[in-house]
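These entries record what I looked up in the structure shown below. I worked from the whole chain towards single strands and residues.

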Amino acid sequence: MDTPRVGIPGRLAGRMTMPEQHEYLRSKFTRRGVLRAGAATAGAVAGTGLLGPRTAGAHTGPLSTTLLTTPATARVDGSLVAPFGRHLAFGADPRTQMRISWQVPFAVRRPFVRVGLQPWDLSLQIPAEVRALHTPALTKKLPQVDQFYLHAALDNLVPGQTYFYGVGHDGYEPADPRRFTATGTFTTAPAQPEPFVFTAFGDQGVSYHALANDQLILGQNPSFHLHAGDICYADDSGAGKPGDVYDARVWDQFLAQTETVAARVPWMVTTGNHDMEAWYSPNGYGGQSARWALPDNGFDPVQAPGAYSFVYGNTAVVALDANDVSYEIAANTGYSGGRQTAWLDRRLRELREAPGIDFLVVFFHHCAYSTTRAHASDGGVRDAWVPLFDKHRVDLVINGHNHVYERTDAMRGRRVARRVPIGETVDSVRDGIVYVTAGGAGKALYDFGVTDSHEGRVRHLDSVPSYQWRKGRVKSTETVEWSRVRYTGHSFLAVEVEPGRHPRLKVTALAEGGSRIDRFDVVRSAPRAAEARGGAGDGGQ
């Protein structure tokens, strides 16, 4: 084994958890002049009506030590500092809540957002929260980096309303006519279900392929976008081991790249293995908490920012942190002590019983079902969560991790309940759940052990040799019958949601060049009594 680049002794390197790595890095790099004390909640002022009370002091406990400010001597003339990397996210209620986030290259005074109903009338000014990150030089090849992330919480918005906004600070006024082109826009979720589109992928990074996918996504006019983890690859290893070193500057590149879409489309992310960065917090998510403002209704919004839920129209979306249950990458396995899985069970039940919700969509990183030669399937996901998906009749599961497009037939109890060829309709109550791996967002592609099979090139195989990860990071070979569509290429998912008496999810996979590689529809029939109780068809391995 190579000597870890962060100087962790070789005898420890192979068995340190994420909290142990965090403790080691803090003890190694916390020296005079490396860390600077200070709070990170500048400009948090309540009372505007649109600014939620949670903005100030949103981060407490262990994460509070990771959010640092730069001394006033480092400030520069605000007129010379241009904001960048704008990205939106819903609050817990997309009808009335939006979170606006951005970045500045230097510390600024009194950052804010201006909001209005017309681009030339941004009359409402809302103070922003500052979350600053300091990253030491973790290797001799990397510099120390100071980053400044700004967030504003907009509450009490009008459902179905389009708003215009601009971000600024002392010396940089977004309402200045000379900066009219920097005005952004967003639309809140409607009060009643209407047709809409959402898009999804995972494993993006910074590349021309990632940029191309972003532009195609924008062309779908989505109401929101789901990113299933492995966001920017500042940690290019992603092994969850002490040898992982992350270049914080990659986040600057990523947010600048994504701004063309994320400044107008809420970009809802969750955590992958490449998103664990041990320096910032014990479980590695301190960096993500500084860079994103996500719904805080999960089982632990401080320790697990990537686990939450929201409802848009007739569709409920649940984000999960699969690092908690992964058998393959164990740095954070079990960190929640089972609390995330208990929350998932409770939340899926609540959402399934809620009036007006037709579909449950779940997204997370590690795959329950995939056949690539790189990661294949994670048995930890199958053991912890697949029974709950069956129990609560989830309608669609979206993953990343494997850098390809692949989807299953309709699954129930880990077995194929019904074959779903391209173009077919699946009844999620009667037939089972389709699992989609949409990991072709931009990073280098993986491959399958068998031939691709997709729209325009169908090469169906009755069985495919593969493997799954079991406890102890053991590879267990298996021959599967559920691999229905496989595509080795960059791609993303677009889902058209139709409410009404006969609600439908029209699921389409598009390649980087715009060609369609897969399509299927999901509908729901009324459950039989036994199935409504979660008692039928849930067994099996």
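**Notebook: chain, sheet and core**

I began with strand β8, where I found that the bridge partner of Phe164 is Thr185. Phe164 prompted a look at the pairing as a whole: β7 (residues 162-168) and β8 run antiparallel and are joined by 4 bridges. I noted beforehand that the model is a predicted one.

Which side chains of β8 are buried, and which are not? In β8 (residues 184-187), Gly184 and Phe186 point to one face and are buried. Thr185 and Thr187 point to the other face and are not buried. I recalled that side chains in a regular strand alternate between the two faces of the sheet.

**Entry: the chain overall**

I then recorded the totals for the protein chain. The chain has 9 helices and 27 strands. Of its 541 residues, 58% are buried. The chain exposes about 20,300 Å², and carbon and sulfur atoms supply 51% of that area. I also looked up the contacts between residues at least 6 apart in sequence, and 74% of them join residues at least 24 apart.

**Entry: a sheet of 7 strands**

I traced an open sheet with mixed pairing, and I read its strand order as β12-β13-β14-β16-β21-β17-β24. Why is one side of β12 and of β24 left without a neighbour in the sheet? β12 (308-312) and β24 (483-487) stand at the edges and each has a single partner strand, so one side of each has no neighbour there. From one strand to the next, the twist averages 15°.

At the β24 edge, I found β17 (residues 405-408) joined to β24 by 4 bridges, the two strands running antiparallel. Within this pair, Glu406 stands opposite Arg486 in β24.

I next looked for a helix on this sheet. Helix α6 (residues 339-353) packs on it and touches β12, β13 (315-319) and β14 (359-363). The direction of α6 makes about 175° with that of β13.

**Entry: nonpolar cores**

Which residues touch the most other members of the largest nonpolar core? I found Leu226 and Phe520, in a core of 102 residues. Apart from this core lies another of 31 residues, which includes Ile357, Val362, Val397 and Tyr435.

I followed Phe520 further, leaving aside residues up to four places away in sequence. Among the residues that Phe520 touches are Leu396, Tyr405, Val420, Val426, Val434, Val436, Leu505 and Val507. Phe520 also touches Arg407, Glu424 and Lys506.

Methods. Residues are numbered from 1 along each chain as its sequence is written. This is a predicted model: local features need pLDDT of at least 70, side-chain atom pairs count only at pLDDT 80 or more; totals for chains, interfaces and linings use all residues. Side-chain values use heavy atoms; hydrogens and water are left out. A nonpolar core is a set of buried Ala, Val, Leu, Ile, Met, Phe, Trp, Tyr and Cys residues joined through side-chain atoms within 4.5 Å. Buried means under 20% relative accessible area, exposed over 50%, partly exposed in between (1.4 Å probe, protein chains only). Contact means heavy atoms within 4.5 Å. Two strands pair if DSSP finds at least two bridges between them. Accessible areas come from the Shrake-Rupley method with a 1.4 Å probe; for residues, only the protein chains shown count as cover. Axes are lines fitted to C-alpha atoms, for helices over the stretch in contact, and angles run from 0 to 180 degrees between N-to-C directions.
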